[in-house]
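Colleague: Could you take me through the packing around one of the short helices here, what meets what and at which angles? Start with the odd backbone spots if you like, then work your way in.

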Amino acid sequence: MEFRVFSDPGEVARAAAQHFVNLSPRSVALSGGSTPRVLYELLADPREPFRDRIAWDETHFFFSDERHVPPDHPDSNYRMVNEALFSRVPLPPQNVHRVLAENPNAEEAAHAYETDLRKFFGEAIPAFDLLFLGLGEDGHTASIFPGSEVLHETRRLVAAPWVAKLNTYRITMTLPVLNNGKSIVFLVTGASKAEILRTVMNTDRNPDLYPAQAISPTNGEVSWFVDEAAARLCSINNSSNAGASSDLLNKNP
Ligand code: 6PG
């Protein structure tokens, strides 16, 4: 497991973009929320050294989770990524695999997405070349929230849990898929994540309480790309120079 601390969200995004280019993944699962937007914008920016080094026609993009809303809804992860990335790069439309979350039946949307995954990867459990995840302040990742029954799903690839605290359904990849990723990258930035990051990194493993702790890949690698504000309380954080990253190789906890 790799834990890399950067001076600010921009440097986190830059390192993640470089990781993307270095890997040249053919299959990528994108996380939603606000943190990764700056990465997606960086990948699309023609003034940056990433856009032209990505084989867009050979790269397929999926979503680790999606809100149960239409694709043009302000809360839609697809809408955010389309604005920040898809609409700005020469990506064939068939390379974007969005969740059909406009379906009023979330369960059907999850089933349809699972069919799409199985079609692309074949019947085996999908093994994404690159999988981005975020960390919620309650320890959730993708749309696997504390106490969720999805934490114990071992058969399905995609589920549609009811999230009581948000009063909504979500559609999410399940742990068999997330933990089959070859390179799993958490992007965590901002002071508001300092407490939960410390908890996830420095306390005993309790995935029911902190689902992000359930991410433990079978064969892949987990990397945490975080900024100093988020890492402020982590015991494995050391003071990094402004703008530089401090790569802390940290054994699995
Ligand atoms: C989503 C994400 C979710 C997100 C965390 C962190 O659909 O919202 O997949 O798991 O990564 O909630 O969100 P922020 O980046 O907005 O803090």
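Modeller: Alanine 142 is buried, at a relative accessible area of 9%. Bear in mind that all of this comes from a predicted model. The backbone at alanine 142 is a bit unusual, since its phi is near 50°, a positive value in a residue other than glycine. You'll find alanine 142 in the loop that runs between strand 5 (130–133) and strand 6 (158–159).

Asparagine 167 is the other odd spot, with a positive phi of about 55° although it isn't a glycine. Asparagine 167 also sits in a loop, the one between strand 7 (162–163) and strand 8 (168–173). Here, though, we're at 57% relative accessibility, so asparagine 167 counts as exposed, the cut-off being over 50%. Alanine 142 falls under the 20% limit and is therefore buried. So you have positive phi values at a buried alanine 142 and at an exposed asparagine 167.

Now to the helix you asked about. I'd pick helix 2 (residues 37–44). Its buried residues are Leu39, Tyr40, Leu42, Leu43 and Ala44, and they pack against helix 1, strand 2, helix 3, strand 5 and strand 9. A reminder on helix geometry helps here: an α-helix has 3.6 residues a turn, so residues three or four places apart point the same way.

Take helix 1 (residues 9–23) as the first partner. Its axis and that of helix 2 come within 9 Å and cross at roughly 55°. Angles under 35 degrees would count as roughly parallel and 65 to 115 as roughly perpendicular, so helix 1 and helix 2 are oblique to each other. The crossing itself is right-handed. On the helix 1 side, the contact involves Pro9, Ala13, Arg14, Ala16, Ala17 and Phe20, and on the helix 2 side Val38, Leu39, Leu42 and Leu43. Sorted by class, that contact is made of nine nonpolar residues, no polar ones and one charged.

Zoom in on leucine 42, which belongs to helix 2. Leucine 42 is buried, with a relative accessible area of 11%. If you skip neighbours within four places in sequence, leucine 42 touches Ala13, Arg14 and Ala17, plus Glu48 and Phe50. Ala13, Arg14 and Ala17 are part of the helix 1 side of the contact. For a sense of distance, leucine 42 and glutamate 2 are 40 residues apart along the chain, and their C-alpha atoms are separated by 22 Å.

Then there's helix 3 (residues 77–84), whose axis comes within 8 Å of that of helix 2, with a crossing at roughly 35°. That crossing is right-handed too. Arg37, Tyr40, Glu41 and Ala44 of helix 2 are the ones that meet Met80, Val81, Glu83 and Ala84 of helix 3. This contact has five nonpolar, no polar and three charged residues.

Strand 2 (residues 27–30) is also on the list of what the buried residues of helix 2 pack against. In strand 2, Ser27 and Ala29 point one way, Val28 and Leu30 point the other way, and all of them are buried. Strand 2 pairs with strand 3 (residues 60–63) in the parallel sense, over four bridges. One of the bridge partnerships links valine 28 to phenylalanine 61 in strand 3. Both faces of strand 3 are covered as well: His60 and Phe62 are buried on one side, Phe61 and Phe63 on the other.

Two more places to click on before you close the viewer. Asparagine 103 lies in the loop between helix 3 and helix 4 (106–121). At 21% relative accessibility, asparagine 103 counts as partly exposed. Apart from residues up to four places away in sequence, asparagine 103 touches His68, Glu108 and Ala109. Proline 70 is 33 residues from asparagine 103 in sequence, and the C-alpha to C-alpha distance is 7.9 Å.

The other place is helix 6 (residues 194–202), where Ala194, Ile196, Leu197, Thr199, Val200 and Met201 are buried. Their cover includes strand 1 (2–6), strand 9 (183–188), strand 10 (221–227) and helix 7 (228–231). Strand 9 is also among the elements that the buried residues of helix 2 pack against.

How values were computed: Residues are numbered from 1 along each chain as its sequence is written. This is a predicted model: local features need pLDDT of at least 70, side-chain atom pairs count only at pLDDT 80 or more; totals for chains, interfaces and linings use all residues. Side-chain values use heavy atoms; hydrogens and water are left out. Axes are lines fitted to C-alpha atoms, for helices over the stretch in contact, and angles run from 0 to 180 degrees between N-to-C directions. Helices (H or I, at least four residues) and strands (E, at least two) are DSSP runs, numbered from the N terminus. Angles under 35 degrees count as roughly parallel, over 145 as roughly antiparallel, 65 to 115 as roughly perpendicular and the rest as oblique. A crossing is left-handed if the near helix is turned anticlockwise from the far one by less than a right angle, and right-handed if clockwise. Contact means heavy atoms within 4.5 Å. Ala, Val, Leu, Ile, Met, Phe, Trp, Tyr, Cys and Pro count as nonpolar, Asp, Glu, Lys and Arg as charged, and the others, Gly among them, as polar. Buried means under 20% relative accessible area, exposed over 50%, partly exposed in between (1.4 Å probe, protein chains only). Two strands pair if DSSP finds at least two bridges between them.
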